[in-house]
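Trainee: I would like a close look at a single part of this model. Please take me through one strand and what surrounds it.

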Amino acid sequence: MDDSLLEHRAGNIDNDNELTTWVEYWLDGELVHRSVHVTLKKYTVTGETIAAFF
Amino acid sequence: MCTSFKTQLLTGTHSFGTAPIRAATTADTFNAALYLASATINAATTVYSATGEVTGTGYTPGGISITSWNAPAATGTTAFTTPTASFVYTTVTLSTSFDSVLIYNVTQGNKAVSVHTFGAQTITAGTFTLTMPTNAAGTALLQIA
């Protein structure tokens, strides 16, 4: 495949809970690759912050 | 409550009721399974279930094994531990949006440990990596405060 035909897109989310980055490759308008890296910044338990959970 | 006790809870030292006989002094085996944004998985979850779990190419039901944990420790009055490595789901296609991971104890009948949420994602012929927070009081993945 000619890599020059691929359209590269990338983005990120940075908030109190996570730093997330993603990369996408599109070919002729079709998404052919999407990878995501989520880095948790703290323990988030089903959307709640609680003192103890296990 | 004694802080040392909190740390010992993380190593199964104490039991106040009927409990399984531990077959070894080594750490149990834990898995990390991904769940759809539409799934009902929360603090009321008691055991791993395939209901609501992601499905897709390259993903094995039950998720991946967590390779190891930091030795339980305490700072101040908070005991804590965190897996030592990121959770990596390699070469998967997960087309339906997912937003949570369930940690559960394979050794102890798949009993649930914790559910952690993040922004909803999909993966297409790619890799999903979930990197752990800093292993410290206030940020560690599992904490008893």
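Mentor: The model is a predicted one, and the part I will take is strand S5 of chain B. Start with a pair of residues: Tyr35(B) stands opposite Ser100(B), and Ser100(B) lies in S5(B). The strands involved are S1(B), residues 30-36, and S5(B), residues 87-105, which pair in the antiparallel sense over seven bridges.

S5(B) also pairs with S6(B), again in the antiparallel sense, here over twelve bridges. In that pairing Val92(B) stands opposite Gly126(B) of S6(B). S5(B) and S6(B) form a hairpin with five residues between the strands, and in this hairpin Gly109(B) takes a positive phi near 65°.

Next comes the packing. The largest nonpolar core has 36 residues, and those that touch the most other members are Ala33(B), Tyr35(B), Val101(B), Leu102(B), Ile103(B) and Tyr104(B). Two or more residues each come from S3 of chain A (30-40) and, in chain B, from S1, S4 (78-81), S5, S6 and S7. S5(B) gives the most, with eight residues. As a general point, nonpolar side chains in soluble globular proteins tend to be buried together.

Tyr104(B) can be followed one step further. Leaving aside residues up to four places away in sequence, Tyr104(B) touches Phe30(B), Asn31(B), Ala33(B), Tyr48(B), Asn110(B), Lys111(B), Ala112(B) and Val113(B). One of these, Ala33(B), is also among the core residues that touch the most other members.

The hairpin partner of S5(B) leads on to the other chain. The contact between the chains takes 30 residues from chain B and 24 residues from chain A. On the chain B side, the elements that give two or more residues are S6(B), residues 111-131, and S7(B), residues 142-144. The largest share of that side, 18 residues, comes from S6(B). By residue type, the chain B side divides into 15 nonpolar, 15 polar and no charged.

Chain A itself has zero helices and three strands, in the pattern β-β-β along the sequence. Of its 54 residues, 24% are buried. Among contacts in chain A between residues at least 6 apart in sequence, 10% join residues at least 24 apart.

To return to the strand: S5(B) pairs with S1(B) and with S6(B), and gives the most residues to the largest nonpolar core.

Methods:
Residues numbered from 1 in each chain as written. Chains lettered and ligands numbered in written order. Predicted model: local features only at pLDDT ≥ 70, side-chain atom pairs only at ≥ 80, totals over all residues. Contact = placed C-beta atoms within 7 Å. Helix = DSSP H or I, 4+ residues; strand = E, 2+ residues; numbered from the N terminus. Nonpolar A, V, L, I, M, F, W, Y, C, P; charged D, E, K, R; others polar. Pairing = 2+ DSSP bridges. Core = buried A, V, L, I, M, F, W, Y, C linked by C-beta atoms within 7 Å. Buried ≥ 20, exposed ≤ 12 C-beta atoms within 10 Å, placed from the backbone.
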